[in-house]
Amino acid sequence: MNEKTLTEIDYFRIRNEIALFCVSEEGKYDLQNREPFTESKKIEFYKNCSREWKDYLSIVKGSPLSAWGPVHGLTPIIKTNGASLTLEQVKALGEFCTSAENVKAAVLNHKDALKLKTLATQVELLPDISETSRKIFRIITKDGEMRELPEIAEIRSKIASLNSQIKNIMKKFTGDQKYAAVLESTVPVLRGGRQVLAVKANQQTKIKGIIHDVSSTAQTVFIEPEEAVYCSNELIQKEFELQSVIKRILLELTAELQPSIPVIRDTLPIMKIFDTTLAATRWGMEHSCVYALSCKKDEPPLLLGARHPLIGEKCVPIDIRFMTGKRVLIITGPNTGGKTVTLKTFALLSMLNQSGFPVLAAEGTRLPVFSNVFADIGDDQSLDQSLSTFSGHMKNIAHAINAARHDTLILLDELGSGTDPQEGTAISMAVLDKLIEKGSFVLVTTHQGILKNYGYTNEFCVNASVEFDTNTLSPSYRLLMGVPGESHALDIAQKSGLPKEICKAARNYIATEQADVSGLIRGLNEKHLELDRLQGDARRETELIEEKNLKLREKEVELRRKEHELKSGKQQEMYDFLVHSRRQLENLVRQIKEGELTREKTLGVKGFISDLEKNVSRLDKKIEAEGEELEKAAEELQKAKEKRKHPSSNKTTKKKLSLAEALKTATSMAGDDSSHSAKTVKNAGGSRLVFEPGAFVKSKNGGNSGVIICAVKNGVWQVQFGSIKMTVKEKDLQLENPPQSLVPSYSVDMAPNVYEYGDNVIVEKEGARPVYELRLLGMYAEEAVKALERQIDLCVLSNFDHFSVIHGKGNGVLQQAVRDYLSHSPAVADFEYAPAEDGGAGKTYVTLKTR
């Protein structure tokens, strides 16, 4: 790409701003050296990663990627025999391993619910880095401090003892009144790493010891007492010994990490992809950006609500709508109207899109892929190179023409200016002819009237103008497609302070030459505004009609639903009648058997039962078909409503949900899509929900939740809805997860698989799953410990190694009970309080040991 042009359109400035959102030095360096890509697959890959991160961040709180120190230069050190990593480098490598494990777990846990296809493909390429992490954190803590290994702990204990002895020796002098007149200060000071006393120079003979320093005034000497000299010497030896032991441990660790070199080398590029795409996502969310669609073959670009990132909140969004076959856009209008900003905005957003970044525009924006971009913007006058303004422009334009191709973007600001207007206009049209011949994509700004006519007469060109408010004599910064604009130089000059008589004289000079053209342009602008108004009225009328149609369709669907419910109720009555009749007939058959039994009687009874069942089954199928047709109509109506709410959106809007809500929603959607004959579905945790006694279900008709008691017959279940028992067909039920919002409490006298949920006693089914977040609020300590114990058992059985516990702060009893149990549980690897933004000391993160 042309670096000069990228600089002029502020690409590097925006790119470096995005790089500040990276969490690693490697990611930041990678972004700061990125230039726009020209391969469509690569562009879409980075945009898809960013899109999926946006979906993740809109649902899940907190970033899945934690910061790590530089690791790109550590593999050569590890590879060298006898070399040793420093403690800071080991900490950086540990942070890198932790971040890789965290992002892998986060993506895999949500890939199905949030459809993280591209990110899941990348995390599956990550090698197993757990062994490297284990070796590192066996030596250091997560804070990067050296662990209290036995040999280190012994030396540190001795160092602490020596410091205590030195402190006591110093306190003997500073606390004794007989030395009050001898000491300059009662607080010991450090000189050369040793604790010394500040003694008055004329009293130095009163304290025996070694003089380490003298003040600048020679009034104070710093003496280390004889009693402290021995302790200080031994302290220095022990500190040196401690550093030697640490250095030896780090040397051994470095050697142990040599087999991990391929793992680190293969993990780093993928982690940089995660870091850079997540940074782009966070920048895009902060600036309300979208991801541009790709232009298909011969499909023109479309910019909707485009904004320049550097203008800020005052920026007026612009729409640039190209028509098929139009390759040259000629923008005219007044000075300071936004012509040059329009050029830069289009080019900048195109380059950001080709870098895999989101763009400041509205949904529906689509952009092509350019192989290069060239620009002639500003004044390239140079005294050193003997370049005038015009020759500087010509040099830039010549370079662009020589390098132009069919997929090149060229920006020409104030084309043909800086020389004789007639010759400048001729050069401008010849330049555009050549660029059209090459098929390049060209954006031009100009004040030359002849070029406006050129835009009308050339089939490959389209005119546009920046709007000017004649009442306030100021630009509105809106872009009007298809209409050329006047320069309004005299109006702006008069507003800027040029005397009125001069402006009047200037108007007289140009009255005869320009009147016809100006009148034509004003007429076109008026027609364009009138057309906009008519289109707006027509659009509002169409929306009103569509709204009325939707309401009518909604009423129709509601009436049909009520009719269906009435039929279903009557059919249920018939079903109950059939069951009752069957029992009566069975009793009749039994009575017949007790008396004289004939074949004709038996066949007659069976035929009666069979005909009755066939009739009811036929009505069942008819009502079921009507129900399916009704549901289909309701779905079509809902889609029409959504399309009306978001006419320009190319993607379903996602509201911010909690993780539990997101998983629950994903599960419900999966259940809705399944056929009526399905017996099982998967819940958010991956386990299968089955129609069986004890399963939680929801009525599709009334929406009530209940529990299956028993099977009446094939496809029919007896369900407990609150205090009411009902016989319901399986097709009218929907499986759902057990109510996780109600935390199970345990009774001492209950069996291990029996739990209480509120007022209900539930028998746990096989395949129970642990919860992501265990809520213990309002429970006694004994109940809380039992609940926590059961949660850990389920986690171990399900290979579920992370969960959180909400216990609150209160008086600290429940908090302490949880921490006491976790600290003694053999299954717990680590636990810590949540960050302040996620509950702080009222919530604990628990990590279990992996098998």
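Here are a few questions and answers on a sheet, its helices and some aromatic contacts in this predicted model. Local features need pLDDT of at least 70, side-chain atom pairs count only at pLDDT 80 or more, and totals for chains, interfaces and linings use all residues. Numbering starts from 1 along each chain as its sequence is written, and side-chain values use heavy atoms, with hydrogens and water left out.

Q: In what order do the four strands of the open sheet lie?
A: Strands are DSSP runs (E, at least two residues), numbered from the N terminus, and two of them pair if DSSP finds at least two bridges between them. Pairing in this sheet is mixed. Strands E24 (773-775) and E26 (828-833) each pair on one side only, as edge strands. The order is E24-E25-E27-E26.

Q: Which residue in E27 stands opposite phenylalanine 831?
A: E26 and E27 (residues 843-848) pair in the antiparallel sense over five bridges. Opposite phenylalanine 831 stands valine 846.

Q: At about what angle does helix H20 run to E25?
A: Helices are DSSP runs (H or I, at least four residues). Axes are lines fitted to C-alpha atoms, for helices over the stretch in contact (heavy atoms within 4.5 Å), and angles run from 0 to 180 degrees between N-to-C directions. H20 (residues 781-797) lies across E24, E25 (802-806), E26 and E27. Its angle to E25 is about 170°.

Q: Over the face of which residue does arginine 819 lie?
A: A charge sits over a ring if NZ of Lys or CZ of Arg is within 6 Å of the ring centre and within 35 degrees of the ring normal. Arginine 819 is at 4.2 Å from the ring centre of tyrosine 833.
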